[in-house]
Structure formats: C-alpha cells, structure tokens
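Let's take a walk through this structure together. Have the sequence and the 3D view open side by side, and pick out each residue as we get to it.

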Amino acid sequence: MICAEISPLFSENQADDANDNRIDDIQAYLFDEGVFVKAYNGVKRTERKYEFQFEALSGNLYIVANASLLPDFQSPAPGLSESQWQETLIHAASGTAESVYTGVISLSDYTASDHIIPVSLKRVAARFDLRIAVAGSAEVKNITFKEVLTEAYLFPQSEVVSPENSPATDIVLAPEQPYTGSESGILYLYEQQNPGLKVALNASIDGKEYSLETDLPKKISRNTVYSITLRKDVIDADVQLTVEEWKDGGDTTLKPGIDDRLTIDSTLTQLPPYATIVQEGTRLILPHLATDFIVAIKSDSELEVFPVADPSLSIEPVSPTELKNKTATSLAGINLFRIRKKLYSPNMRTVDLKVYFHRKGLNNSYPEDHIQISMTGNPTTSEGILNFGIDTYTHDFNRYIDNEFGVFTLPAEKEMLVEFAEEEDPWIRIDNESGSNTWRVLGGWRPNDPTANGRRQSATLVIRNKGDHSDREEYTVIRRNYGLPVTFLHGVWWCKYNAIKNSKSFDDQILSSADPAAQANKTLFQYLTDCTPDEYYKLWGWAYQGNSGQGMQVIEKDSVIVLERFTRDEKVHINKLPPTTLSPDGYELPSMEEFNRLFDATDYIWMMYNGTHILRNPWNGHSTVKRQQLRKNDIPVGSMTISNLIYIALSSPDFPEHEPLVWYGPAAQWNDTGILHSGHYNNILFGVYSPTGEGWYMNGGMGNLYMTKNGASSHDTRILRFKKSDVEYIY
C-alpha cells in the first residue's frame, strides 16, 4: 500500500492557509524501465491520507493532486518516456499558481514486507505571507509582485530552474480593505529561477504614506513559505521591507525563538517491557510487541499532537489523572500522551518516524517540535505463503490447502506451537528439529473426514518465550476443510467416486461428509449393488472432454444414448494436461505408473469375470489384485432403459482393512453414434496423467472385456477418477 500524505508547512507567520491542504482529485502514474505503464485513479481517502493498492514493487510512481486545476494538464500518453514526463510544463497566464501537489517514489526500493510505503506530497507552488511588525498602526493598501514568470516545471528538477523564454507578468494585490495585520497565503507563485523578481507595496504607518520595494530571492522554491515583513520597531526607526524564507520541516531546522527541545521524562513515563528512551530523551524505541502506555513529554507549552501516518501507531492526549501516584505539582511542565502500538507480525521491519507537536497558543508549528519513535521489527522471519499483516493477524486461505505453509526462523529464546479450539481437529502440525531455530508449519489431511464439508477450519499459531511462556504472539490460520471419499490401494489414496458436474469444484462432488455408501454403513461396491437405478445413474453417467472440467452427462438423443455437448472438434488431450488441471485443490489425476499398479498384469485381465491377476511390476512386493464384478440393470436414461452396466471392485489381499476400489462409468464416445459399442455401454476410457498421451481403456465386448493400454484421441470422452495428492501430514 502506498500511503501519500501532504507535506507539512512550517512558517514563522500564521498557521497554514486553508487552501494549503485541500485536495479534490488525485492520480498516480507508474513508469517502469523508463516508459509509462499504468495510471491509477482509484484512491482511498482517509482524512489527509491517500492510499493506493499496488500489484508489484517495480518502477517509479508519480503522484499528481489537483491536476484538474491546471488548464492544459494532460495525463501521460502510452509510450511516453519518463524523461519527457519529468519535463512536463505548467502555465499560469495571470502568474498566480494553483494548489497542485506532486510526489514521486521509487517502488523498487521497497519489498512486500514493508506493507506501507509513505510518500510526501509537496506543493508545486511557493506561498507568500505578509507580516506586519510595526510599533503603531499600519495599513498595507496594495502589493505588487514584479516580473513573475508564468511557466514552470510540474516536477522538481535537479535544481531550481525555469523553462527558457518563460513569459513574465506583474501581479497586483489590492484588497478591498487594507491589510492591517499579518496574513498568510496572500499569493502563490510557481517555483522559478528569476533574478528580476521584486515586491513593492504601498502602506500607511501612523498616518504617513510609504512606498517600499525590495528584491525577492532569485530562487523561489516549491513547497516553501516566504514571509514579506513590513517592519518599524519604534516610532523613530526606519521603515523596512524584508523577505524571509521558511522551508518545510524536512529541509531545514527553524529557529522560532523557543529554545527548549521536546524531550521525554523518563521518571514519569510508564515504559512497557523492552521499550527504551535514548538520545537524551528525544527518541523512543518500542518493541515489536503490542504496547499501550503513557509517555510524559517535557514542555512549558501545552502540546497538540499531529496525526501520524502509520496505521500501527496512535497517539492521543490524556488527562493527568491517568498517571497514578503523581501530584499536580510533579506534572508541571509535563504533557501526557497515550501511545498505542500494534503488534508487528513476522517479517515486518523496523519503522522510524517523527511525531510532530504544535505548541498551543502559537500560530505556527516548528519542525524541531517532535520526538522520534522507532518501532522495532519482529525478530521472527518466515518464508512461504503465510502472511499475517496487521490488525487481524489472520491468514485466511478461503480454500482447501495442505502441506507446507511456511518455515519460520525464531530467535533462540523463542518457541512456536499451535493451538486449536475445543472440538477442532489437529489439522496443523509444527515440526522443529532439536536445537534448530527453524519451525515448519504443515497443513494436514484426514482420510474420509466426516466433517470435511467446506467448513472453515481454524488454528492459532503461538510464538512465545521458552520457559515462562511470556511475550505471547498469536496468529490465526484458516482454510476451508473439504475432502473427497478415498480408499487405499498400492500406495495411492484413490477417490471412491468418479468426478461429476464441475470436476474442479468441491461443491459439485461427493464429499466425505456426505458419502452415501459410508452413511449406509456399506462399501461402495455394496452400495452400488443395493442402490436404486436412479441413484446409480446419478453417479455413473458423467464423462469429460478437454480442459474445461465441465462434466458431460449421459442423455438420450433421438433414441441414442450419448454424452451431452459431445464434440469431435476438441483438441485438448486430457491425459497430457498437468495432473491438477481438472481436480479440486489437494487432488489430481493419477499417473500412468499408478494406474499400472492396478492393470499392468502379466496376462490379459478379463474384466467380465471375477478373479485375480498378477502385476508385471509389483508395488513394494505386492503383486496380487483381486477382481469382483457385478452388473446393474434397468437404468433410466431419458425415455430409454439400459442394462448390463458393469461395476468392478479391485482389492489387494495384503490390505484387507481398506475397502475395494470400484470402477464404473459410461463407455467413451468418439463419434455421433454415442456410447453403445459391441452391444454394451462398458468400454470405459480412463483419464490418466501421461505427458506422452498414454492411457488405459476397457476394450472388447461383454464376452471378452479386457484392459488394454490405449491413450485414444483428444476428442474421446473419459471418466475422471482423482487421487489425493501427496500430503506429508495425515492426522
């Protein structure tokens, strides 16, 4: 986030003119590698702050506020070079400048861990104040600024310079009522290098008329206040006209005649743990932990604090009654303020800032009236996808996710643990090798979790001191807990059901929280045997083409059983896609090698018979696969009824604790004649992850139905049966 704020003006004269801080429109322009890239108009405004959201930290960002006041301003055109943009000219036919502000920041100087990147908006114009310091009565009837240049550069150049051949004009200020006292903001002029610039005025002092003229500085700098002073200290003294320059607090230290610097009283300040006062009371160092305490600042004046731009820090005045056990006498010359600082989360770096104060009763504010505050960065760093920011200290994935979330490096005296609400499963694990300062945060998975219905699953990461467990930091991690029903066979957690509808969406799939077979206390093979024809059809009748993941349902079309929306024009081969392309998060298409653990046998696998087959390449010594097949009849499809639909259970005698893996689904469609082949609907083509396009196919008629390696073509339809992607932590 880019946080732009108006640069404060400090003058020896009155407080800022109201026009100094008014912004009606603001835009930002990004230049990268010397060329205009993008304009940003959507700005969030909070009081005097303006916030921009950015996708990347690269290039130079130019901010222009109140550009609508410029009669000939144009936003950068596509392809405009940065050097041309930097030389943009602005014009003022009358010589009077508009209230325009600019700022520029190099985004590449920052990283994402900076969170908030401040930029100061400075006025393009200089402000002129009138000060009347006369021992008697005075009236200034008119003021003339002579030889004012009317062209200027929008952005600061390497030094104050004016465009060549800039026209010049005189500006006459003739108020309806003469000036009788000091006035701020009588005139605004654009920055200029102008040796001919003069100011003249006509005044009456104690009834006597004076005409005075003096040179103005040759260099009139932007964002600077110039005070024109009409001075006559005593009755018989000479009348003088002087010009004094007052810059903003970032550029010069002013001497307003108040000698006492603001300092922190260490005896009265109720410092929190790990906070320190240094540099003779002018600097306060705060820990990365959240703090809330009262600071006592020495000053003979009553102080008013300026708002701070950093959202992690707030400072507000408090009553002396909030400082316990102190009498009014002990608080003489003391101002009390409550400082609240939010916790800095891991990877947040140290921030140094100045907090400015205004002495109540004075017209002006001065740059030395400040204290410095250093907000120490969090000593814990992390790598990975967890980012807690500030305020909520929560990372909500808003989706299912598992495996490594992040690796945290803690100071030697710290430790990390995870806590769960009552009745929540231990779905996060933290690993730490003995003696190591690194702590891995792992998201886990529970097979066939009956609570995995998409609910929000939360855990709290805690960083604390070893031993007394003090200085506790809490960070919340949230994910959506989804799960598909699975069974284990030969090293793979196979999904029990084919994908249906939108294969990428958990909400369209059979979830482990709503597994109809498990709810009936049956294996899937038993459930398919006992379920109604309508229930069987809802599970059975889905296949896929291409990379959309949109399921094609078996339907009747002109008395032919087909897959809806089938096309022979599909060019994307499912098997060649990355394995996670069509699956919900955490699942994927099994590879050809994993299918081989089921079907790559030493002899033909006759799928129309019960039996066993022996794998050509045993998995970890397990080579026997048992087959059991049944048929489902009277399945309604439109106005038709189809029968003899095969479903086949595969199991290993070495893993009797797991229910069989059941295969079912419609035959492939490759032309307009539908899915009926050799008098049946069982020639299933399997979706398989294989970059070379290999695959498995159930070939033949019902008397010789067998498994064969066949990748088929891109437009052939396939059933999709996912597996659980590898996961390090199963709870």
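The tour goes from sheets to aromatic rings, and then on to a few single residues.

First, some ground rules. This is a predicted model, in which local features need pLDDT of at least 70 and side-chain atom pairs count only at pLDDT 80 or more, while totals for chains, interfaces and linings use all residues. Residues are numbered from 1 along each chain as its sequence is written, and side-chain values use heavy atoms, with hydrogens and water left out.

Let's begin with the sheets. Helices (H or I, at least four residues) and strands (E, at least two) are DSSP runs numbered from the N terminus, and two strands pair if DSSP finds at least two bridges between them. One open sheet has four strands in the order E31-E37-E36-E33, and its pairing is mixed. Its edges are strand E31 (394–396) and strand E33 (414–419), each of which pairs on one side only. From one strand to the next, the twist averages 20 degrees; for such angles, axes are lines fitted to C-alpha atoms, for helices over the stretch in contact, and angles run from 0 to 180 degrees between N-to-C directions. Look at the E31 edge: E31 pairs with strand E37 (residues 473–482) in the parallel sense, over three bridges. Here His 395 stands opposite Val 477 in E37.

Another open sheet has five strands, ordered E22-E23-E29-E28-E25, again with mixed pairing. At its edges you'll find strand E22 (276–278) and strand E25 (303–305), each pairing on one side only. On average, neighbouring strands of this sheet are turned by 30 degrees against each other, direction ignored. E22 and strand E23 (residues 283–286) run antiparallel and share three bridges, with Thr 276 opposite Ile 285 in E23.

Back in the four-stranded sheet, have a look at Asn 465, which lies in strand E36 (residues 453–465). Is Asn 465 buried or exposed? Asn 465 is buried, with a relative accessible area of 11%; buried means under 20% relative accessible area, exposed over 50%, and partly exposed in between (1.4 Å probe, protein chains only). Its contacts (heavy atoms within 4.5 Å) include Tyr 274, Glu 413 and Ser 470, not counting residues up to four places away in sequence. With Ser 470, the side chain of Asn 465 makes a side-chain polar contact at 2.9 Å. A polar contact is a pair of N or O atoms within 3.5 Å; within protein, one must be able to donate a hydrogen and the other to accept it, and residues adjacent in sequence count only if both atoms are side-chain atoms.

Now for the rings. A pair of aromatic rings is described by the distance of the centres and the angle of the planes. Rings of Phe, Tyr and Trp (its six-membered ring) pair if their centres lie within 6.5 Å; planes under 30 degrees apart count as stacked, over 60 as edge-to-face and the rest as tilted. The structure holds 39 such aromatic pairs. Phe 397 and Phe 405 make a tilted one, 5.0 Å centre to centre with 45 degrees between the planes. Phe 397 counts as buried at 12% relative accessibility, and so does Phe 405 at 1%.

Tyr 604 and Tyr 706 form an edge-to-face pair, with centres 5.5 Å apart and 80 degrees between the planes. Tyr 604 sits in the loop between helix H5 (592–599) and strand E44 (611–619), and Tyr 706 in strand E51 (residues 706–709), so the pair ties together parts that are 102 residues apart in sequence. Tyr 604 counts as exposed, at 53% relative accessibility. In H5, by contrast, seven of the eight residues are buried, so the helix is largely enclosed by the rest of the structure.

E51 also pairs with strand E50 (residues 696–699) in the antiparallel sense over four bridges. Trp 696 stands opposite Lys 709 in E51. The hairpin of E50 and E51 has six residues between the strands, and Gly 700 there takes a positive phi near 95 degrees.

Our last stop is His 490, in the loop between strand E38 (486–489) and strand E39 (492–495). His 490 has a phi near 50 degrees, a positive value in a residue other than glycine, and counts as buried at 0% relative accessibility.
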